[in-house]
Amino acid sequence: MPQSEVTRRDFLNATGTAAIAAGALTAARPARAAAANDKLKIGFVGPGGRGFGAHVKTLTRLAEEGRPIELVAVCDVFSEHRDRAVDHIKSRLKTTPRSYVDFREMYAKEELDAVCIGTPDHWHAKQAIEAMQAGLHVYCEKPMTKTVEEALQVFKVSQETGRVMQVGVQSTSLPIWNTVNAQLRAGKIGKVLMYQTEFFRNSAMGQWRYYKLTEQMNPKNINWKLWLGSDEGLSEEQPFDREVYAQWRRFWPFGSGMFTDLFVHRTTSMLKATGLRFPGRVVGAGGIYLEYDGRDVPDVATVVSDFREGVQGMVTATMASQETPVLQLIRGHHGSFVFGNGEAFKEAKFVPERPQVTRNSNLAEETFPVGDIPDSTYVHFDNWIDAMLADDPMLCNNPADLGAAAITNVLLGAMSYRQGKVFHFDPDTLTIGTGDESWARGWEEKSRRREPANHIPGWTAGNAGSTLEEPTYMKLAGPWVDGVDPATKG
Ligand SMILES: NC(=O)c1ccc[n+]([C@@H]2O[C@H](COP(=O)([O-])OP(=O)(O)OC[C@H]3O[C@@H](n4cnc5c(N)ncnc54)[C@H](O)[C@@H]3O)[C@@H](O)[C@H]2O)c1
């Protein structure tokens, strides 16, 4: 199933990506002026698996607990999912949300303050952009978008409109990442050099084939054209197929397999902990080595991102072995932070390097507790409500800049795997380039100039843990010009 690059480009041009470089975006409609005691009126787009199980249910609970929100409208192209969301809100909150098939009609007719987007990946950018341009705050499921260009566009529109955007990587609401970030910036592990993370899984039937097909999934109950987004240029027309509807993650036009379903979770956490954002150079590798079930996406893959700050990030996984994941950690010159696997770990552990390197025999293992957070999704939505009430996008635990940076890392990895290329990314101009020798040459030249190390954003530790000792015998080094021993030159 080839990705419809041409039609997707048409959509981007139509909605403004081409204008990003020129900084010419359409002016946003102002937010609805809410009275002081008004509740935030929220609508749902795509209350399917996540959109119902997390978005509708969590916000219903938060409304029951007295947060100032009203769940007023529901939009889904599948009648069963629409009805299920309406029934849930009705039975729990005793109000009846209006239902829609087309999100544009919902945005236009309802006096909304915010929307929650839980559709498959290929719809995220368009639905988020149109919402923000209509003056609405957005909770958008991860991955923020289907392509890098879309991510940059959503980021830009979020800045232009000033709307609050929370990207649905709920683990970013665990305070441990901020705790570790403060330690890293203060120089706890010395020069930060590398993060590695993982998302290993296994399944008897093949990854994502556990999403059930039902007889109710049929063209009578589902507006297939609107699911495909073929009129909008989001994918090409194809006949209705329950396998595609329910297991879209396995096919490039709609998802990107583990890159966007899983890697983006862990990568976002690592960016949050290190303070890193957009990469400088990315390469991806992998293949379909077991799951020959008609899927497009690999079952073994690795993405390696190198950052201008002088840090390498790696995310790796198989979809067919789970019991032996690699450690999730951040390495530095004087020590490491080691996390448990996944996000349900209890503590982060500081592990020092040897005193022969750190010159500090007092450095000892230390633990930093994660705290008891039984439901990170609940905290993530609660945080979104706080940010909306304060009208402050940067209060979000996963704002648009972090969301865009994380998805850029993993999608460049997917592009590298698919196109057989290495990608460069310029974090200043937010542009993609093809890899060449300049990356390695830049570091070699820096070494020859004996420059100080580059650091993660917010670094406050000066040279601590990031300079090398000069052995006295290095005085003997240097070229013997005209046969003269450089050591004799004083
Ligand atoms: N944060 C997490 O832990 C987490 C977990 C699961 C899924 N997700 C994300 O949530 C999103 C949805 O995943 P899912 O498993 O719930 O998929 P799903 O297929 O179960 O649900 C998607 C829903 O969107 C509806 N839909 C499709 N196109 C639409 C359109 N144009 N307008 C309105 N509704 C439309 C579908 O009918 C369906 O009800 C994905 O982006 C996925 O990555 C995040």
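User: Which helices each supply at least two residues of the shell around the ligand?

Analyst: This is a predicted model, in which local features need pLDDT of at least 70, side-chain atom pairs count only at pLDDT 80 or more, and totals for chains, interfaces and linings use all residues. Residues are numbered from 1 along each chain as its sequence is written. Helices are DSSP runs of H or I with at least four residues, strands are runs of E with at least two, and both are numbered from the N terminus. On that basis, the helices that each give at least two residues to the shell are α2 (49-64), α5 (121-133) and α8 (224-228).

User: What is the make-up of the shell around the ligand by class?

Analyst: A residue is near the ligand if its C-beta atom, placed from the backbone, lies within 6 Å of it; among the 24 residues around the ligand, Gly-46, Gly-48, Gly-49, Arg-50 and Glu-141 come nearest. Ala, Val, Leu, Ile, Met, Phe, Trp, Tyr, Cys and Pro count as nonpolar, Asp, Glu, Lys and Arg as charged, and the others, Gly among them, as polar. The shell therefore has nine nonpolar, nine polar and six charged residues.

User: Is Asn-397 buried or exposed?

Analyst: Asn-397 lies in the loop between α12 (376-390) and α13 (400-419), and leaving aside its neighbours within four places in sequence, it is in contact (C-beta atoms, placed from the backbone, within 7 Å) with Thr-172, Ser-173, His-380 and Asn-383. A residue is buried if 20 or more other C-beta atoms, placed from the backbone, lie within 10 Å of its own, exposed if 12 or fewer, and partly exposed in between. Because 26 other C-beta atoms lie within 10 Å, Asn-397 is buried.

User: Which element gives the largest share of the side of domain 1 that touches domain 2?

Analyst: The bounds, which come from an automatic or database domain assignment, divide the protein chain into domain 1 (5-173 + 377-412) and domain 2 (218-246). Across the boundary, 13 residues of domain 1 are in contact with eleven residues of domain 2. The elements that give two or more residues to this side of domain 1 are α1 (5-15), α3 (79-93) and α5, and the largest share, four residues, comes from α1.

User: Which residue in β14 does Lys-349 stand opposite?

Analyst: Two strands pair if DSSP finds at least two bridges between them. Strand β13 (residues 347-352) is joined to the antiparallel β12 (residues 335-339) by four bridges, and β13 also pairs in the antiparallel sense with β14 (residues 366-369) over four bridges. In β14, the residue opposite Lys-349 is Thr-367.

Conventions
Two residues are in contact if their C-beta atoms, placed from the backbone, lie within 7 Å.
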